[in-house]
Structure formats: structure tokens, C-alpha cells
Amino acid sequence: MSQGNGADERFENLRQELRRGSLPLAVLAALRTEHYGYTLRKTLADRGMAIDEGTLYPLLRRLEAQGLLVSEWREEDKRNKRFYSLSPDGKSILKQLSVEWKSIHASLEEIF
Amino acid sequence: MGMALVDRYLNAVKFWLPRDQKNDIIAELAEDLRAQIEEKESELGHQLSDAEIEPILKKCGSPMLVAERYLPQRALIGPVLFPIYRVVIRSLILYFLLPWFLIWLGTTIFSPDFRIDHPGVALLVSLEPWWLACIHSLFFCTLAFALLDRSQARAQIVNGWNPRALPAEHDGNKISRGSTVFELTISIASLVLWFELGAFHRVFHLLGMTVTLSAAWPYYFWALMVLSIAIMGVACLNLTIPRWTRLSASLRLGLDCYLWVLAYWLCRNWPVQSLTGADLSPAVAAGKIAAINQILSSWAIWVALIGAIVLAFDVRRILRVEREASAPLSGSARHVTSANGIL
């Protein structure tokens, strides 16, 4: 029983590690269309990449600090929201990362 | 009512955030939480209570954890220097602080004079230099490594390394021929010297005095002879097989045990029985005998302590030999395999 729990825990840790590595790519890809935090989370969750707010917002800030995203505070539905979109650098990096991702995927398919 | 709970949560997160980003981060987080609450309210058709808001906040994470994700990754001593720091701290404890404490403990337990000089609380106060040494050494060591981590030295360690400059693999079970030859020479020399001095006699003359040793001395002498011969035997064995084996390591433990028990026994048994001389009054002689025997007796605790440390190393050696023997690929086999280029 405890061995089963240990295996579940190990799987969960590895699964999270795998997904964590893919998150920046998923966020960049989703931000080809402008989003604010909450709708970005919903978009990602609807496509099977659920991400909690505690992870998403620091990640958005890091990507913005790296010059891959641009953001602006804007009023929508009488509320101030911060909208994010890809910067020119972000678009270029996204292209390169997409190629890399496909290459990794193909390699793994080959290995499996 | 419910929003007050959210405000409290946001306030708690805000406390841990970097000053220049506080308001920006909180505004964004507040907007996200509000959107989640509104969505839940429209789903349930009523305003959320505190009890219903609580799981939303819990899912978001503890305020400190949420804030921590916005902060840059910081460590007093980074992963490059931390293993070295750990080795230094371990050595500091093992070879400096622990022996000091054991000496204090041994003195406290075995020396009545020390207890008389430090009654009650004064006994604990006598440990104060040790406490200060602990705090100072650990503090300055940590400080030195923290500064090193922020200096150029870290970059040199990471980038300036050379595979050829790495230390050779240490084989703890190998016995160097040099040390064995040294041990053999010392044993033979002490044996010869011992006989030359006629140490098997109980009575001998020194500086115009006649010294008579206790009746137990001949037993001690022959016991020491047996020990020297046994040590030479083990040294010869080690010359033939220059690796610690179960047999040689166990023999070493047995001989060391024998040696230190013998030394302890000598110290505790007042070896000088009488002292006579032309210019020596019986009272002075008695005082000198008592002083010599007293000094030897006070050494007993140190002999016991050093003996215990030596025996601990011997036991550790046996355990290491056992580990090597039970390992799937034993040490010698590993070396052979390595030499063949398999590993």
C-alpha cells in the first residue's frame, strides 16, 4: 500500500517536473492572442494545461523581464486588468522553441 | 464580508513582496481572485460566504509561498560551495568541537579534583569556552562561505577546474608499505631497547636512586613483549597482503584493545613501589612516589579517551572492509575492471 503511494508520489513529482518544463512554451504559445491573467489561465486549463495563479503570475513576470512579453494595464468591464501579449522577441523565441519542441517530441517518439 | 477575507489574504501576501512591486502584483492577484469568486457566484447564484471563499484562497497557496515565487532565488551559500561548506562544518564538529566536548565530559566524570574545583553550576560554566567556540567557529565559517559565494572565487571554482588537478581516488582499505615498514621497525627497535634496558627487572638504578617497581611489573613487561611480537606478526601479514581484510582489521582491533587496556592498567596501578637513595629521606621518597603515581593515575583518563578513539577508528575500518566485501563489485575487482578499461 505504502509502496503504491510512493510510486504515485514519484509519478506525480515527475509529471509535474515534465509539465513545468513545458509551461513557458505553453504560455508563450497562448499569448499569440492577447490575454489577461485570468483568461490566460482559463485558456490553458481548457486545453489541458491547468496552471495555478501562484505559478502563472511569477512566470509572466519572468518572461516579461526577459523581454519576451509586453503588458499594459487597461480597463475592461469597469475593472483594471493587466493584458499580456508577445513582444517581437517573444514571437521569434516562440518559433524557435516550437521547432525544438517538435524535435524533442519526434525524438521521444523514436525512443518509445 | 467575503471580500474582507480576500483583503486580509492579499495584505498577508503583500507583506512579503519586494517593495517596488507590491502594488502591481497585488492588483493583478486581486483581479484574478475576484474573477474566480465572480465565476463561482454566477455558478451558485448567490454571494459567496467566507466558508466558500476559503477553499479558493487555500488553493492559491499560503501567503508566504505565493510571495516567495515572485522573489529571486536566493541562498546564503549556493549549490556550488555548499558541499564544501558541509565538509568543512562536518570536519569542524568531528575533529575539533566533539573531541573538546568529550575531553570535558571525561574530565567531569573521571576527575574528582575537577568536580571539586567546579561545584554545581560552575561545572556548566566551565563549558562556556566550548559554547563560544561552537558559536564563533560556525558563525565565521558560514560568513566566510557566504562572502566567498559572492566573490570571484566561486566563478574560479566553477570555471577554473582541471580534470588532471582532481585528487586521485582514495582507497581507504589499502595499507601503504611505508607505514607497515615503519611499524615493523618501531616494534623491533622498542623490543631490542626494552631488553637492552633490562626492563624485565623490577629494580633499577636511576640518577643515584634505586627504583623498585610494583610486583605486577613483570606481568606488564611480558604482556608488552607478547604485544610487540603480535604487532610484528600483523605487520608481516600486512606486508604480504597490503589491503585490510576481515582478518587483519579484526587483529588490529584486538591488538589495539589489548594495548590500550594495558596502558590504562599501568596508569591506574601505581607502578612505582619504592624509591631509595643516599640523600633521600623516607618522607621525601614517599612524596616522590606518590607524586609519580598520582601523575600516572591522572593520565589514565586520557589513555582511556585516546584508546576509545583509536578503537572507534578500528571498528570503522572493519565496517568499511565488510561494506567492500558485501558490495556487488568489490574494491580490488573494481580496480582490475577499471584497469581493463571496462569502467
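Angles over 145 degrees between helix axes count as roughly antiparallel. This criterion is applied in the first of the following views, which are drawn from a predicted model.

**Figure 1. Packing of helices H10(B) and H11(B) in chain B.** Helix H10 covers residues 177-196 of chain B, and helix H11 covers residues 217-240 of chain B. Their axes lie 9 Å apart and enclose an angle of about 155 degrees. Because angles over 145 degrees are classed as roughly antiparallel, H10(B) and H11(B) are therefore roughly antiparallel to each other. The crossing of the pair is left-handed. On the H10(B) side, the residues that meet H11(B) include B:Arg177, B:Glu183, B:Leu184, B:Ile188 and B:Leu191. On the H11(B) side, the residues that meet H10(B) include B:Ser228, B:Ile231, B:Met232, B:Ala235 and B:Leu239.

**Figure 2. The open sheet of chain B, with strand order S1-S2-S3.** The sheet has 3 strands, and their pairing is antiparallel. Strand S1 (203-206) and strand S3 (272-277) of chain B form the edges, each pairing on one side only. Neighbouring strands of this sheet are turned against each other by 25 degrees on average, direction ignored. Between S1(B) and strand S2 (residues 209-213) of chain B there are 4 bridges, in the antiparallel sense. One bridge partner in S2(B) is B:Thr212, which is matched with B:Val203.

**Figure 3. The open sheet of chain A, with strand order S1-S3-S2.** This sheet also consists of 3 strands with antiparallel pairing, and S1 and S2 of chain A are its edge strands, each pairing on one side only. Strand S1 (residues 35-36) of chain A is joined to S3(A) by 2 bridges, and the two run antiparallel. Here A:Tyr36 has A:Phe83 of S3(A) as its bridge partner, while A:His35 stands opposite A:Tyr84 in S3(A). Strand S2 (residues 69-76) of chain A is joined to S3(A) by 8 bridges, again in the antiparallel sense.

**Figure 4. The hairpin formed by S2(A) and S3(A).** The two strands are separated by 2 residues. A:Asp77, in the turn, has a positive phi of about 50 degrees. A:Glu75 has A:Asn80 in S3(A) as its bridge partner.

**Figure 5. The largest nonpolar core of the model, with 27 residues.** The residues with the most contacts inside this core are A:Leu31, A:Leu69 and B:Val13. In chain A, the elements that give two or more residues to the core are helix H1 (2-30), helix H2 (37-46), helix H3 (53-65) and strand S3 (79-86). In chain B, they are helix H1 (2-16), helix H2 (22-44), helix H3 (50-60) and helix H4 (63-68). H2(B) gives the largest share, 4 residues. With residues up to four places away in sequence left out, A:Leu69 touches A:Leu31, A:Leu60, A:Leu63, A:Glu64, A:Tyr84, A:Ser85, A:Leu86, A:Ser87 and A:Gly90.

**Figure 6. The contact between chain A and chain B.** On each side 13 residues take part: 13 of chain A are in contact with 13 of chain B. The elements that give two or more residues to the side of chain A that touches chain B are H2, H3 and S3 of chain A. H3(A) gives the largest share of that side, 6 residues.

**Figure 7. Chain A, with 4 helices and 3 strands.** Along the sequence, the elements of chain A follow the pattern α-β-α-α-β-β-α. Of the 112 residues in chain A, 19% are buried. Among contacts in this chain between residues at least 6 apart in sequence, 45% join residues at least 24 apart.

**Figure 8. The surroundings of B:Trp265 in helix H12 of chain B.** Helix H12 comprises residues 246-268. B:Trp265 counts as partly exposed because it has 16 C-beta neighbours inside 10 Å. B:Trp265 and B:Ala304 lie 39 residues apart in sequence, and their C-alpha atoms are 9.9 Å apart in space.

Notes:
Residues are numbered from 1 along each chain as its sequence is written. Chains are lettered from A and ligands numbered from 1 in the order in which they are written. This is a predicted model: local features need pLDDT of at least 70, side-chain atom pairs count only at pLDDT 80 or more; totals for chains, interfaces and linings use all residues. A residue is buried if 20 or more other C-beta atoms lie within 10 Å of its own, exposed if 12 or fewer, and partly exposed in between; C-beta atoms are placed from the backbone. Two strands pair if DSSP finds at least two bridges between them. Axes are lines fitted to C-alpha atoms, for helices over the stretch in contact, and angles run from 0 to 180 degrees between N-to-C directions. A nonpolar core is a set of buried Ala, Val, Leu, Ile, Met, Phe, Trp, Tyr and Cys residues joined through C-beta atoms within 7 Å. Two residues are in contact if their C-beta atoms, placed from the backbone, lie within 7 Å. Angles under 35 degrees count as roughly parallel, over 145 as roughly antiparallel, 65 to 115 as roughly perpendicular and the rest as oblique. A crossing is left-handed if the near helix is turned anticlockwise from the far one by less than a right angle, and right-handed if clockwise.
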